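Visitor: Could you walk me through this one slowly? I am new to reading structures, so plain words would help.

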Amino acid sequence: MPEPLLEIDGLSISFRVGGRRMPALAEFSLAIHAGEVVGLVGESGSGKSTALFAVMNYLPENAVVERGSIRYRGIDLLSADRATLDGLRGRRLAMVYQDPGTALNPAIIAGDQIAEVLRRHLGFDEAGARQRTKELLRLVEIEDPDRVYRSYPHQLSGGMRQRVMIAMALSCEPDLLLMDEPTTALDVIVQAHVLDLVRSLQRKLRSAILFVSHNLGAVAAIAHRIGVLYAGELMELGPAVRILGKSRNPYTLGLLAAVPRIAGREAVQGIPGAASRDPQRFGRCVFAERCPSAEAICLAERPRLLAVPPDAAQRSRCHFANDPKIDRAWSQGAAAPTPSAQPRSAGADLLLEVAGLSVEYRQGFRLFARPALRALRNVSFRLPRERVLAIVGESGSGKSTLARAILRLEPGASGRVLFEGADVFALDAAGLRRFRRKAQIVFQNPTSSLNPQRSVFELVARPLALAAVPRREQRDRVRAVLAAVGLGDLYLDRYPRQLSGGEKQRVALARAFVTEPLLVILDEPTTALDVSVQAAVLELLAKEKERLRCAYLFISHDLAVVRQIADEVLVLRHGTVQESGPIEPLFEAPANAYTRALIAAVPSFSTDRATGGSPR
Amino acid sequence: MALALLPRRIFYGLVSLAILSVIIFVCTHLLPGDAATAILGEGATPAALAALRARLGLDQPAPLQFAHWLGGVLTGDFGVSTTLNQPAGPIIAERFLNSMALALVTIFCAAAIAIPLGVVAAVRRGSRLDGTILTASYVGISIPDFVLGPVLILLFAVPPLALFPSSGFVAFAASPAGWIAHLVLPVAALTVVLTAHLMRQTRSGMLDVLNSDYVRTARLKGLPERLVLWRHALRNALGTTLAVLALDLGYLMGSIVIIEEIFAYPGLGRLIVYAVANRDIPLVEDVALVIGTVYVAANLVADIAHAMLDPRLARP
Amino acid sequence: MTELTAAAPPARRQRNAYLALGLALTLAAIAAAALGLLYTPYPPARIDLLHPLARPSLGHLLGTDRYGRDVLSRVLAGGWRSLTLGFGATGLGLAIGLPVALATAYYRGAVDQIVMRFVDALLSIPTLVFALLIIVGLGPGQAQAIVALGVAAAPKFVRIVRSAALSAASEDYVTAAKARGERALYVQYGEVLPNIWPPVIVEASVNIGFALMGGAALSYLGLGTQPPFADWGVMINEAQKQISVTFWPLLGPALAISLSIIGFNLFGEGLRDRLHLRAALADA
């Protein structure tokens, strides 16, 4: 086997936080060979970005490298001086970042930022660098390189900026390209284009890539080998096909079971609990307390990376990696599949009717008023009781505006919203109070939606207090609803900062459910959550809908998630309805071109027929 | 282009000044009619008071007085100082030039000292140098002008050193050297305060830029730190610093009031103190409005400069 | 070790030292002012024309002024006047600024636009000049100075509290409160206010320092505390007149006011850094 290009060996990194050392990465080892695409997948706090920036020797100031080395062609990167690093960075090791909006200098035109690299590393003169930059822009499939060259970053779209970043990273034909969540900040369709581009460029240029993402679909679409990180520990590493199809690690298997698939309504299964942040966690299996097949040894001893037969190409950090029992681990606790979508029945009792709803934002003040911005144009739909309607769209489609407008929170709204037959916009004070009890909303970011100064009890009991429910009854009902969302009594006196993201979202759901509403508007309720937690919340949503017999308006950009829960779908783009209808036919045979593009853009992978590097 | 924003900026500036003129008028007329008593003293006969009120227009309804004052200002008639019995316009014009000389020299000195030091402090963040600069700026901000002024006089204007005059003013035309000599101590006092303030602003602005993603990009392109600073960081930090500099002109106008009084320097600050102490209402109103106009104009200049430096504003 | 890079926590030891020193100076100033109310070595107004402008001695620790009055006694007695001004003006500024800021951040739109136009206009003249204008209206005096500086500080409070309140109001918990039908006042004072106390406290602390300075400045100009009473500003003004003869009478009041202001500023700034750091940690 040839010498690896990059060799990370036993790397342990921790962060100094308020006088304590919080370990972030434990004895992480990985070798990357020339021309190879390695994907690192992990949820938040898994240490994937830390590992990536360590390769660049660019860690936050409070990071401490406890042990280990990173060698690039024999050069120890962690002890290299700045001059050596400057020679490698951008030339041999290049990087693409998560947010191209902030990664480009706002005061310098895009082209010059690329040309600068050519001049620095390859000795181009000014004219030559400009010429070559335009070729590079053409290489990343930018159609008018002259215009883009002259543009400031803020004048380019998100996808364009990321192409410019990629052109910059590839300008010196580096040996290794480090990509830090390069598609996460982009809309679905753009995401797919960027992934396609990276894949085709990789074939052309043969650079090795270390691709880091929380999105298993994106990693599966590009990587030859996949490493799975969890809570700072490399759980499994191996060829993409085997990781996706024949994983021998309970965490990987749990993750795969938690990813919603766009292909059909399969039971997604959440992993209970949250990732451990215990500084002592590396003395045992970091996944032990969430693992269904954990035994005493898992809490007592740190598992080694065991080779998985037939060869050592795949290795799993599990005491039972080669024990058949882990195959059954997740099927034992599997929830019943989500009930299949209910087709619209003709006589279904109508709950919510939206007719000709438009929202305008007036900009500026009288004298300098700019033309009003229309966030929503003439949207109409009907939602029967106990059904789930998904509103699907990319950023800027107006889907959150729609949610706010229905709840009478948008002053610029016009049109009609009928709730149980009454016009919401015309309700008097008493009617409005009744409506607000029956229609609840849950937001995307659970941290933002809970007032940090209030305890869980205060947060969940507040809607009851508003409805003048007696104090004693409040306590009982809060307990009951917390139990229903999977939180015990010990959560009553906790504050949001003491909760994990998943727990916070459960509290937000409890607050919405506590008044036993007829309609719950869910505005991207799982987007801020890790995949394993998202699946658990989706299970919870399905269960609660049955219990409360309420309807959901489920707003999401994620079509795979929508597929798991919605009965009907409405596709929104630039504030106008593109297409709507029952979910099965719409997903199987979309009539609208935009809907087709949206569905096609979802990175899909199959655990059975994964072909590693070129699925789809 | 940035100039597209200009009419709006000017309009808002004028709105500010219009509101300010109302506020000035209301403040100075909180105790109606007192001006006449203030001028003639408690023992004045009612007839004399009434005559003076009539002469000053104080017997008219307030809105009419306001209209009369503002209309005059807009047409270049600043009214008559009630205590000096002279047209206010020429007095203010002369004092205005003196104050501007003081302010502009100060701003130039402060910028020349504060911007490099602020940048160095940010670049060497956490070093001993940074600590020293930061501590010095804390102290500089906290020392009142009316303490600093006497201390400077004590050090440089009285024996044994007695390098500069402790007070007064000589016209530039009469003696350029004398003009400069009289400017040194007031400028020094103002510069200390302003430098302290500007240094901290520059440091924190530069720190924001140094912690930005695009500076990270520049470093990870393999650019040497020198280029990262000069080409990528400074350009962005400068825009905000410029805005701060213009805002500081307003900040400076406050200090000028005290410093001019300490050094008996004949500028707008000393004039407004005189006018307030003697309840010379027209003079107070005029000077306050001029000070407000200076601030609004400086802000406008800063906005334009900022817009020209920041392509996000210049080319939306 | 790795190269140092991203968001650096400022040197922690230094920051804590600032906070501690600020607190110590602040408490010392308050203690001295309280002492001055109960006890002074000499009656602060007692004239002793036989011993004018005496150097510091055991009898007069800070010397005497040109009328032979004991400087230490006058510094102690003047302390609470100056501090009352600082606290009073800040309290008044907050009492005006806080409700206005919360209301504009809640209602936004036209209300916000109009209020902010006023605030912009008021901020276009320096606080001291605005205070002078109010003094013209109200006449000179200690109480008038408190009102003048309090009203003059209000626009700054409106601006700062409003921007904190706006960012709090953009949080989903505020939208959630509106969506469940909470009253406007509950949202402002129950949801937003508890989350913006940190910047408000920091700004108030820094403003006490500024008001102290402003009050002393008014007194220095003869427009604040009126004779025969004296605060630190008046004393500095009187001492400056004999500066070519002796600087000893200047020393006491100058040190007292400078150290007090440094105290309040360091305390406020130290608090700000600490709160910033805590916010950064909470995000991590």
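Visitor: What is the relative accessibility of Asp311(A)?
Guide: Asp311(A) has a relative accessibility of 36%, and so counts as partly exposed, where buried means under 20% relative accessible area, exposed over 50% and partly exposed in between, with a 1.4 Å probe and protein chains only.

Visitor: Before we go on, what kind of model is this?
Guide: This is a predicted model, in which local features need pLDDT of at least 70 and side-chain atom pairs count only at pLDDT 80 or more, while totals for chains, interfaces and linings use all residues. Residues are numbered from 1 along each chain, chains are lettered from A and ligands numbered from 1 as written, and side-chain values use heavy atoms, without hydrogens and water.

Visitor: Okay, back to that residue. Which side chain forms a salt bridge with Asp311(A)?
Guide: The partner is Arg242(A), and the closest N and O atoms of the two are 3.1 Å apart; a salt bridge needs a side-chain nitrogen of Lys or Arg within 4 Å of a carboxyl oxygen of Asp or Glu.

Visitor: Where do the two partners lie, then?
Guide: Arg242(A) belongs to helix H10 (residues 240-245) of chain A, whereas Asp311(A) sits in the loop between strand S11 (305-307) and strand S12 (315-317), so the bridge ties together parts of the chain that are 69 residues apart in sequence. Helices (H or I, at least four residues) and strands (E, at least two) are DSSP runs numbered from the N terminus.

Visitor: And is Arg242(A) buried or exposed?
Guide: Arg242(A) is buried, because its relative accessible area is 14%.

Visitor: How many salt bridges are there over all chains?
Guide: The structure holds 52 of them over all chains. One that is worth pointing out is formed by the side chains of Lys325(A) and Glu295(A), at 2.4 Å from N to O. These two also come from distant parts of the chain, 30 residues apart, with Lys325(A) in helix H13 (residues 325-332) and Glu295(A) in the loop between helix H11 (250-258) and helix H12 (296-300) of chain A.

Visitor: Which of those two is covered up?
Guide: Lys325(A) is buried, at a relative accessible area of 17%, while Glu295(A), at 39% relative accessibility, counts as partly exposed.

Visitor: Got another pair for me?
Guide: Glu524(A) forms a salt bridge with Lys399(A), and their closest N and O atoms are 3.5 Å apart. Here the partners are 125 residues apart, since Glu524(A) lies in the loop between strand S19 (519-523) and helix H20 (531-548), and Lys399(A) in helix H14 (residues 399-406) of chain A. Both Glu524(A) and Lys399(A) are buried.

Visitor: Which residues do shared salt-bridge partners join into one network?
Guide: Glu27(A), Glu233(A), Arg302(A) and Arg317(A) are joined in that way.

Visitor: New topic: the backbone. Where is there a cis peptide bond?
Guide: A cis peptide bond joins Pro309(A) and Pro310(A), with omega at about 10 degrees, and Pro310(A) is found in the loop between S11 and S12 of chain A. Most peptide bonds are trans, and most residues other than glycine have a negative phi.

Visitor: So what is phi of Glu181(A)?
Guide: Phi of Glu181(A) is near 45 degrees, which is a positive value in a residue other than glycine. Glu181(A) sits in the loop between strand S7 (176-180) and helix H8 (188-205) of chain A, and is buried, with a relative accessible area of 7%. Glu141(A), with phi near 65 degrees, also has a positive value without being a glycine, and its place is in the loop between helix H5 (126-139) and helix H6 (145-150) of chain A.

Visitor: Let's hop to chain C. Why is helix H6 (residues 172-179) of chain C largely enclosed?
Guide: Seven of the eight residues of that helix are buried, so the rest of the structure largely encloses it. Among the buried ones are Asp172(C), Tyr173(C) and Val174(C). Just after H6(C), Gly181(C) takes a positive phi of about 90 degrees.

Visitor: Last one: how many helices and strands does chain B have?
Guide: Chain B has 13 helices and zero strands, so to speak one α after another from the N terminus on. The C-alpha trace of chain B spans about 85 × 60 × 35 Å along its principal axes, and 51% of its 316 residues count as buried.
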